[in-house]
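Here is a short briefing on one chain and its ligand. The points are grouped by topic, from the overall layout down to single residues.

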Amino acid sequence: MSYQSIQQLLKTAPVGTTVTVKGWVRTKRESKNAVFIALNDGSTIHTIQVVAQPGQLPEETLKLITTGSCLAVTGQLVESQGAGQAVEVKIEDVTVYGTADPEKYPLQPKRHSLEFLREIAHLRPRTNTFSAVLRIRHALAFAIHKYFNDNGFYYLNTPIITASDAEGAGEMFRVTTLDAIKPPLNEEGKVDFSQDFFGRETNLTVSGQLEGELGAMALGKIYTFGPTFRAENSNTTRHLAEFWMIEPEMAFHELEDNMNLAEDFVKTVIRYAIQHCADDLAFLDNRLKEEEKTKKKEEQSEFGLLEKLQFVISNEFVRLTYTEAIDILVNSKPAKKGQFQYEVKWGVDLQSEHERYLVEKHFKKPVILTNYPREIKAFYMKQDPDGKTVRAMDVLFPGIGEIIGGSQREDDLDKLTARMHEVGIEPEALWWYLDTRRFGSAPHAGFGLGFERLVLFVTGMGNIRDVIPFPRAPKSAEF
Ligand code: 4AD
Ligand code: MG
């Protein structure tokens with residue numbers, strides 16, 4: 001039979017047959033009756049126990065089997081006498097693929113701090129916590145593609161290198177060729193972008209939305225799912241310089257349809273993770289509970305991870321306007337007692353402390369806020385008739401704050417170009433975008449879900465750098 005992963009093997013558990021398991025040693029324990037080795041191959045949170053009789057393995061082989069070494073073991077799969085596992089492998093043959101010097105291997109069988117593991121990001125997927133996070137990340141990515149495919153959306157690949165700033169916020173990483181930045185620079189001593197083979201300044205995309213809109217105005221319903229880049233020097237637990245974003249864009253959808261879609265979408269993908277990642281979620285749930293116990297009683301969360309996920313998928317999200325939210329915030333206890341770090345009044349951009357107050361303290365449910373002041377939102381959002389607000393929507397989650405940002409788009413060419421002038425964006429620079437409004441314009445809407453913020457929420461991890469395999473954040477680009 002062909003080689004099976006530990007996950008497959010534990011599923012079928014063909015007791016009595018000879019099997020081969022391959023993986024990395026988590027622990028080795030020697031007693032006078034036997035040698036017990038726990039192997040894990042990353043396919044599952046579970047290890048498989050392989051057992052040798054005392055004296056069965058040559059002393060020099062036994063010495064090479066240490067935490068982190070890699071083995072192939074062949075032997076009979078039998079029911080386990082010990083607690084903690086149903087089956088185990090009675091070793092008949094062992095090959096040591098690779099050793100791991102215990103003096104140098106940084107992952108020892110104990111709980112390492114997440115800060116320490118961040119320093120060895122190249123090895124941390126070999127830990128239970130990170131392998132669980134990465135498998136859940138995979139399941140969520142799969143669920144996202146499945147959701148859109150099941151609902152008639154087409155996957156559109158939008159450019160990574162682009163000349164536009166979709167959000168108009170100027171938070172871009174410049175892209176150019178080494179040739180273009182070689183001296184001589186132009187007369188002002190600046191990079192001569194005309195020497196670049198793009199012939200102009202380009203940057204890494206901050207969002208695929210504008211191109212996504214082109215797609216929606218041709219294919220009806222599209223979504224993007226790709227890396228996006230923000231050169232904001234934010235050292236927070238919610239920001240990365242490189243993160244993945246999912247951006248559906250739909251023709252003939254207005255704000256209300258956009259909210260309905262966003263709510264159904266996040267609930268469906270979270271439900272998928274609950275159904276398909278039970279073991280990994282149970283592990284992380286347990287991990288969190290242990291962590292909670294180390295906190296002061298009043299700071300301990302009343303809900304476990306699984307309860308929190310269940311709660312989100314089984315409750316309707318609260319919907320209210322920005323103006324209504326400001327009213328609540330202004331009259332809230334923390335505002336009256338001066339406990340917010342940032343002042344809250346109509347017109348200000350909500351800070352995460354405000355968002356989290358609404359979600360965690362006031363409503364105790366996910367919240368969709370709509371109709372923000374136009375001044376604090378991007379140029380492309382559809383203007384409300386009051387001339388003050390736009391048809392924006394942000395979805396706010398407990399423990400996270402903003403997880404989704406979106407809007408109905410301005411589909412009126414004149415209003416859109418007037419707004420671009422106001423905020424200092426040259427309409428000519430986006431002539432191709434404006435063509436969608438010139439030719440067969442239509443109401444349309446869309447949103448962006450920050451993938452890592454979703455993974456943060458579902459895994460219950462506390463820092464966004466711990467839910468992406470190779471975090472790009474200020475001062476973290478070893479490889
Ligand atoms: O609110 P944002 O900036 O919206 C857009 O980019 C729109 N073009 C989306 C659209 O309408 N198609 O970003 C969308 C989401 C945020 O809600 C947040 O979840 C995530 O992307 N996000 C980040 N995640 C990690 N690190 C960062 N620096 C992020 N910036 C935004
Ligand atoms: Mg936003």
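Two residues are in contact if their C-beta atoms, placed from the backbone, lie within 7 Å. By that rule, and leaving aside its neighbours within four places in sequence, I404 is in contact with A262, D394, V395, F447, G448 and L449. The model is a predicted one.

**Domains**

- The domain assignment splits the chain into domain 1 (6-107) and domain 2 (126-171 + 206-466).
- Their contact takes six residues from domain 1 and eight residues from domain 2.
- On the side of domain 1 that touches domain 2, three residues are nonpolar, three are polar and none is charged.
- The centres of domain 1 and domain 2, taken over C-alpha atoms, are 44 Å apart.

**The eight-stranded sheet**

- Eight strands form an open sheet with mixed pairing, in the order β6-β10-β11-β16-β15-β14-β13-β12.
- Its edge strands are β6 (154-155) and β12 (318-321), each of which pairs on one side only.
- At the β6 edge, two bridges join β6 to β10 (residues 221-229), and the two strands run parallel.
- Y155 stands opposite Y223 of β10.
- At the β12 edge, helix α10 (residues 322-330) lies across β12 and β13.
- The helix α10 runs at about 95° to β12.

**Strand β16 and its partners**

- Which strands flank β16 in the sheet order? β11 stands on one side and β15 on the other.
- Five bridges join β11 to β16, and this pair runs antiparallel.
- A251 has H444 of β16 as its bridge partner.
- β15 and β16 are also antiparallel, joined by five bridges.
- Here G405 stands opposite G448 of β16.
- Seven of the seven residues of β16 are buried, so the strand is largely enclosed by the rest of the structure.
- Both faces of β16 are covered.
- One side of β16 holds H444, G446, G448 and G450, the other A445, F447 and L449, and all of these are buried.

**Residue I404**

- I404 lies in strand β15.
- Is I404 buried or exposed? I404 has 24 other C-beta atoms within 10 Å, and 20 or more count as buried, so I404 is buried.
- Among the contacts of I404 are F447, G448 and L449, which are buried residues of β16.
- I404 and S2 are 402 residues apart in sequence and 44 Å apart in space, C-alpha to C-alpha.

**Helix α6**

- Eight of the eleven residues of helix α6 (residues 209-219) are buried, so the helix is largely enclosed by the rest of the structure.
- The buried residues are Q209, L210, E211, G212, E213, G215, A216 and M217.
- What covers these buried residues of α6? The cover includes β10, β11, α14 (431-438) and β16.
- Just after α6, G220 takes a positive phi of about 90°.

**Around ligand 1**

- There are 23 residues around ligand 1, and S207, Q209, G405, G448 and G450 come nearest.
- Q209 is one of the buried residues of α6.
- G448 and G450 lie on one side of β16 and are buried.
- Which elements each supply at least two residues of the shell? They are β11 (242-251), β15 (401-408), β16 (444-450) and α15 (451-459).
- The largest share of the shell, six residues, comes from β15.
- By class, the shell has seven nonpolar, nine polar and seven charged residues.

**Positive phi outside glycine**

- Most residues other than glycine have a negative phi.
- A13 is not a glycine, yet has a positive phi of about 40°.
- A13 sits in the loop between α1 (6-12) and β1 (18-30).
- A13 is partly exposed, with 13 other C-beta atoms within 10 Å.
- K364 is not a glycine either, and has a positive phi of about 55°.
- The place of K364 is the loop between α12 (352-363) and β13 (367-370).
- K364 is partly exposed, with 13 other C-beta atoms within 10 Å.

Notes:
Residues numbered from 1 in each chain as written. Chains lettered and ligands numbered in written order. Predicted model: local features only at pLDDT ≥ 70, side-chain atom pairs only at ≥ 80, totals over all residues. Helix = DSSP H or I, 4+ residues; strand = E, 2+ residues; numbered from the N terminus. Buried ≥ 20, exposed ≤ 12 C-beta atoms within 10 Å, placed from the backbone. Pairing = 2+ DSSP bridges. Axes fitted to C-alpha atoms, helices over the stretch in contact; angles between N-to-C directions. Near = placed C-beta within 6 Å. Nonpolar A, V, L, I, M, F, W, Y, C, P; charged D, E, K, R; others polar. Domains from an automatic or database assignment.
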